[in-house]
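Subject: Structure for your review

Dear colleague,

Please find below the structure that I am passing on to you. My notes on what was found in it follow directly after.

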Amino acid sequence: MSKEHKFQVIECFGPTIQGEGLMSGTVTHFLRLGGCGLRCTWCVAENSHVLMADWSQKPIQDVVAGDYVMALVHGKHNSRLQSTEVTDTHDNGMQEVVEVENSTNSLVCTPNHRIYTNLAWREVQELIQEMDVYYVPQGVQNRHWRMGWLAGMIAGDGSYSKSSNQGTRLDIDSKDVEIIDLSQEILQELEIHVARRTYTARSGSLIHKLHTNRKGIADKLRQKLSPPRIPTDIDFSRGWVAGFFDAEGCMAKSNTAYTISQSARVNQDKIDELKAHLSIVGIGWTVRDTGRGVVEFRLKDWVRLLTYCCPILHRKYPEYIGRQAIPHAPAHIVPDTELRHVYDLTTEAGSYVAEGFIVHNCDSMHAVLPEEVKKNRTLMTTMEILEYIKSLAPAPYVTLTGGDPCIQEELGPLVIHLNMAGMKVAVETQGQFFPSWLETTDVITFSPKGPSSGNIVEIEDLYNWLGRRSPKRSFRVCIKVVVFDEADFKYALEVYAALPTVFYDSFYFTAGTPIDTTGPQERIAAVLQNEQALAQMMLGLAQGGEFFTEKVHIGCQQHVLLWPEADRGV
């Protein structure tokens with residue numbers, strides 16, 4: 001006997017008032033579902049390195065639920081790379097894979113794995129020449145990197161001087177124990193033994209020190225780390241820049257963008273060496289003489305510094321990287337004929353970074369955010385949901401929402417039982433999935449997401465589905481596009497132009513509701529301000545000759561105006 005399906009119910013309440021779209025003002029119950037029934041098989045190959053929240057790397061098979069990784073998080077005005085929690089891990093066995101690569105990164109994954117591009121999320125197998133793929137440059141800390149790191153760090157925090165035994169004395173002083181630990185480790189690999197101690201500086205700071213004045217030892221090291229010309233080994237140069245940054249670098253915040261400042265004592269040889277290594281690793285800079293005995297290097301590509309050169313002092317790293325600072329470039333696909341063992345992660349943000357590429361573990365935000373599901377869900381069968389709704393005061397409609405209820409193929413029996421109980425069913429969906437039960441409902445609101453969501457919905461499948469059912473469809477259709485900014489408005493106009501009016505009963509341009517307001521009154525003011533701006537954009541087009549049919553409306557989420565203090569959907 002098969003196990004009865006249980007839905008993840010986030011909230012079920014009513015009667016209440018529908019706040020937007022074709023049914024605005026209608027009395028209805030609301031059933032909000034979470035979870036995802038798509039069971040996608042997108043995954044990346046074993047040993048692919050995942051970028052953790054502390055900027056370290058970990059093989060994907062070693063990542064566990066509860067770990068924190070870097071992910072692309074979409075905000076109202078922009079997106080950024082920041083920490084998110086891993087909520088689940090998946091071992092998906094052996095599958096066919098392809099390799100996607102650019103000049104610095106290479107990822108082996110399934111062909112349908114989603115990757116972030118300048119045209120939003122795309123399957124790897126869909127990459128074409130016109131697409132740029134966002135990536136975080138990847139660098140490894142190999143032996144040459146370690147040699148370069150030690151050389152760069154000594155250039156910043158170390159010194160060579162004549163000792164009393166006519167040899168050369170090496171001193172490395174730092175308040176960061178991580179620098180001293182790694183320096184001692186690399187010196188031991190080079191069979192150079194140094195003494196270690198701590199002392200208190202005049203400022204009161206505890207300083208860690210490595211030193212040796214054994215005759216010939218420091219000279220030997222200096223010769224190894226200071227070849228007669230600037231090396232062209234890119235790993236050595238990556239390490240040198242990282243070591244020098246760990247010793248002399250800092251991060252400052254300018255306006256809303258992070259910048260990196262490199263400083264060095266005014267020593268022309270050292271300045272020339274720094275410039276040479278920066279050129280080799282592909283990091284641009286501007287130079288400013290501060291007049292205080294230092295020259296400041298302001299680095300242009302600080303993301304490349306952090307993830308390609310790999311400084312070890314994570315206290316100097318930012319909490320997040322704005323999308324505008326993340327590089328993007330064309331990438332191409334290399335076929336792979338072997339089956340590979342593959343894994344995937346589920347994160348609260350719905351994405352993570354594998355081998356430097358930003359990849360998605362979910363097609364879009366079809367499901368309610370995982371943290372909401374964990375906090376609020378109740379597992380209920382079809383009949384349990386039906387009985388609960390029947391226990392509420394009566395209403396003519398039940399509105400299915402989410403997330404996206406259309407990823408739940410199992411909802412068909414519930415729709416039938418609700419109809420038999422005398423209730424009509426309305427659905428709110430993004431318009432990407434079309435389960436068999438969908439056309440048995442009474443009102444369907446298709447709400448494709450625009451650019452501000454970070455996950456633009458293509459409407460080709462929606463066009464084809466509606467085209468096969470119009471004009472003889474038995475259900476009413478509303479097209480609703482939420483508008484936060486001009487880019488969303490442009491997208492809404494494109495959707496309006498693409499869909500024939502026979503496909504729908506009403507088309508709504510809906511003003512977005514900000515999520516970062518400080519209180520109920522501020523929330524109301526922000527909604528009205530957004531709707532006014534939307535009205536001005538539409539009237540401007542109308543006065544310029546754009547024709548809008550009688551099916552076109554503008555609106556907002558009226559339930560926000562009625563109940564601005566409520567956290568729930570309506």
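Two strands are said to pair if DSSP finds at least two bridges between them. By that criterion, strand β7 (residues 79-101) pairs with strand β20 (residues 320-322) in the antiparallel sense, over three bridges. Please bear in mind throughout that this is a predicted model.

Strand β7 and its partners

In the pairing with β20, Q82 stands opposite Y320. β7 also pairs with strand β6 (residues 68-74), where seven bridges hold to the antiparallel sense; there Y68 has E85 in β7 as its bridge partner. A further antiparallel pairing, over four bridges, links β7 to strand β8 (residues 106-109). In that case E101 is matched with S106 of β8, and a hairpin of four residues leads from β7 to β8. As general background, strands of a sheet pair through backbone hydrogen bonds, either parallel or antiparallel.

The nine-stranded sheet

An open sheet is formed by nine strands, in the order β25-β1-β2-β26-β27-β28-β29-β30-β31, and its pairing is mixed. At its edges lie β25 (378-380) and β31 (552-555), each of which pairs on one side only. On average, and with direction ignored, neighbouring strands of this sheet are turned by 30 degrees against each other. Within the sheet, strand β2 (residues 27-34) and strand β26 (residues 397-401) run parallel and are joined by five bridges. One residue pair to look for in the display is L31 opposite L400 in β26.

Helices α11 and α12

Helix α11 (residues 486-498) and helix α12 (residues 520-543) have axes that come within 11 Å and cross at roughly 50 degrees. The two helices are therefore oblique to each other, and their crossing is right-handed. From α11, the contact is made by E486, F489 and L493; from α12, by L534, M537, M538 and L541.

Cysteines

How many disulfides does a search of the whole structure find? The search finds zero. A disulfide is a covalent bond between the sulfur atoms of two cysteines. For C109, the closest cysteine sulfur is that of C43, and at 8.8 Å it is too far for a bond, the cut-off for a disulfide being 2.5 Å between the sulfur atoms. C109 is buried, its relative accessible area being 0%. C12 also counts as buried, because its relative accessibility is 13% and the limit for that class is under 20%.

The surroundings of Y134

Is Y134, in strand β11 (residues 133-134), buried or exposed? With a relative accessible area of 10%, Y134 is buried. Leaving aside residues up to four places away in sequence, Y134 touches Y116, T117, N118, R323, I326, P327, H328, F357 and I358. Y134 and P330 are 196 residues apart along the chain, yet their C-alpha atoms are separated by 8.8 Å.

For a visual check, I would suggest beginning with β7 and the strands β6, β8 and β20, with which β7 pairs in the antiparallel sense. The crossing of α11 and α12, at roughly 50 degrees, and the contacts of Y134 with residues including Y116 and F357 could then be viewed in turn.

With kind regards

How values were computed
Residues numbered from 1 in each chain as written. Predicted model: local features only at pLDDT ≥ 70, side-chain atom pairs only at ≥ 80, totals over all residues. Heavy atoms only, no water. Axes fitted to C-alpha atoms, helices over the stretch in contact; angles between N-to-C directions. Buried < 20%, exposed > 50% of the residue type's maximum accessible area, 1.4 Å probe, protein only. Parallel < 35°, antiparallel > 145°, perpendicular 65-115°, else oblique. Left-handed = near helix turned anticlockwise from the far one by under 90°. Contact = heavy atoms within 4.5 Å.
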